[in-house]
Amino acid sequence: MLTRTLVPQSAARLIQDMIKAGELKAGEKIPSQRDFSVRLGISRASLREALLTLETLGLLKTEAGRGTFVAGNRPSATNAMAPWRYADSYSVFDVFQTRILLEGSIAGLAAGRLTGSQLQAMEQATRTMEECWASGDLLTNVEADLEFHGIVASACSNAMLRALYQTVREQLTETQRQPIPITEPSRMQASVAEHRAIIAALRSNDVDRAKFEMETHVRNTARCAGLFP
């Protein structure tokens with residue numbers, strides 16, 4: 001039985017662990033949502049959210065009329081990205097474009113405002129990203145990425161921008177997951193290096209450089225997804 005706190009995330013982690021352990025094998029069809037939700041002790045709504053997260057990360061794939069299958073636990077440049085979840089509202093291009101504008105401004109306004117402990121937390125999140133990518137723990141890799149960007153947003157001096165960031169956080173989060181299935185090791189290494197460049201700019205209180213480094217990082221992530229906003 002999973003705890004009620006962050007149930008979809010906990011369920012996604014449990015399913016990822018089942019895949020890594022070979023309990024769910026590549027190419028195997030997962031149980032029906034009714035049976036699987038009972039097995040995990042969660043609601044079908046929470047299970048659906050967990051499955052969507054794992055599909056975006058490339059660990060599962062849904063085939064129309066057939067069901068959901070295990071894709072494996074290691075992304076590859078030969079894989080394809082999952083369908084964009086928010087297509088009825090915004091294109092993934094629009095969201096990446098918004099990220100460049102919003103997060104670049106936020107980073108600039110956060111320069112000089114981060115505490116030593118916040119900068120240390122960002123460094124730890126970056127190390128976690130690197131380590132979890134190497135071990136195949138894609139969920140923690142992305143969670144560490146989200147923590148990194150969230151810390152920057154929390155230090156922004158503009159309260160409205162902080163609120164706006166939280167308002168669109170779900171869509172922003174999805175663009176951080178979306179490219180994972182086609183991310184090559186070299187791109188992840190570059191992303192980690194970009195995080196460290198952002199930290200250095202923030203630590204030196206360089207507003208223009210912090211803005212530039214964040215915009216560059218988000219733009220490069222978009223390019224990984226085949227987009228050029």
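Modeller: A helix here is a DSSP run of H or I, at least four residues long, and helices are numbered from the N terminus. This is a predicted model. With that settled, ask away.

Biologist: Which helix gives the most to the lining of the largest cavity?

Modeller: That is α6, with four residues. Helix α6 spans 138-154. It has company: α9 (185-203) and α10 (207-224) also each supply at least two residues of this lining.

Biologist: What makes a space a cavity?

Modeller: A 1.4 Å probe fits there but cannot get out. The count comes to one cavity of 30 Å³ or more. The volume of the largest cavity is about 170 Å³.

Biologist: Which residues lie nearest the centre of the largest cavity?

Modeller: Asp-145, Gln-176, Met-188, Ser-191 and Thr-221 do. They belong to a lining of 16 residues. A lining residue has an atom within 4 Å of a cavity point.

Biologist: How does the lining of the largest cavity divide by class?

Modeller: Into six nonpolar, seven polar and three charged residues. Take two of the names nearest the centre. Asp-145 counts as charged, because Asp is on the charged list. Met-188 counts as nonpolar, because Met is on the nonpolar list.

Biologist: What makes a pocket unlike a cavity?

Modeller: A pocket is an open set, whereas a probe in a cavity cannot get out. The largest pocket has about 410 Å³ of volume. Its lining has 16 residues, and those nearest its centre are Gln-9, Thr-53, Leu-146, Thr-173 and Arg-177. Two or more lining residues come from each of α1 (7-20), α3, α6 and α8. By class, that lining has seven nonpolar, three polar and six charged residues.

Biologist: Why is helix α8 called mostly covered?

Modeller: Count its buried residues. Helix α8 runs over residues 169-177, and seven of its nine residues are buried. Those seven are Gln-171, Leu-172, Thr-173, Glu-174, Thr-175, Gln-176 and Arg-177. Each of them falls under 20% relative accessible area, so each earns the word buried.

Biologist: What covers the buried residues of α8?

Modeller: The cover includes α3 (44-56), α4 (92-110), α6, α7 (159-167) and α10.

Biologist: Is Thr-183 buried or exposed, and how do you know?

Modeller: The relative accessible area of Thr-183 is 6%. Buried means under 20%, so Thr-183 is buried. Thr-183 sits in the loop between α8 and α9. A polar atom of the Thr-183 side chain lies 2.7 Å from the backbone oxygen of Pro-179. The cut-off for a polar contact is 3.5 Å, so the pair falls within it.

Biologist: Why is Ala-190 called partly exposed?

Modeller: Ala-190 has a relative accessible area of 27%. Buried ends at 20% and exposed starts over 50%, so 27% falls in between. Ala-190 is in helix α9. Its C-alpha atom is 9.1 Å from that of Asn-220, which is 30 residues away along the chain.

Biologist: What about His-195, buried or exposed?

Modeller: Its relative accessibility is 0%, which is under 20%, so His-195 is buried. His-195 lies in helix α9 too. Beyond its neighbours within four places in sequence, His-195 is in contact with Thr-126, Met-129, Asp-145, Phe-148, His-149 and His-217. Contact means heavy atoms within 4.5 Å.

Biologist: How do you know that Met-122 is buried?

Modeller: Met-122 has 0% relative accessible area, and the limit is 20%, so Met-122 is buried. Met-122 lies in helix α5 (residues 116-135). Outside its sequence neighbours within four places, Met-122 is in contact with Leu-114, Phe-148, Ile-151, Val-152, Ile-199 and Leu-202. From Met-122 to Ile-198 is 76 residues in sequence, but 9.7 Å from C-alpha to C-alpha.

Biologist: What makes the phi of Asn-205 worth a remark?

Modeller: It is positive, near 60 degrees, in a residue other than glycine. Most residues other than glycine have a negative phi. Asn-205 is in the loop between α9 and α10. At 48% relative accessibility Asn-205 is partly exposed, because exposed means over 50%.

Biologist: How do you know that strands β1 and β2 pair?

Modeller: Pairing needs at least two bridges. Strand β1 (residues 60-63) and strand β2 (residues 67-70) share four, in the antiparallel sense. Leu-60 stands opposite Val-70 in β2. The hairpin has three residues between the strands, and Gly-65 takes a positive phi near 80 degrees.

How values were computed:
Residues numbered from 1 in each chain as written. Predicted model: local features only at pLDDT ≥ 70, side-chain atom pairs only at ≥ 80, totals over all residues. Heavy atoms only, no water. 1 Å grid on protein atoms, 1.4 Å probe; cavity = no way out; pocket = protein on both sides within 12 Å on 5 of 7 lines; lining within 4 Å. Points joined across faces, edges and corners; volume = space filled by probe spheres on them. Buried < 20%, exposed > 50% of the residue type's maximum accessible area, 1.4 Å probe, protein only. Polar contact = N/O pair within 3.5 Å; in protein donor to acceptor, adjacent residues only side chain to side chain.
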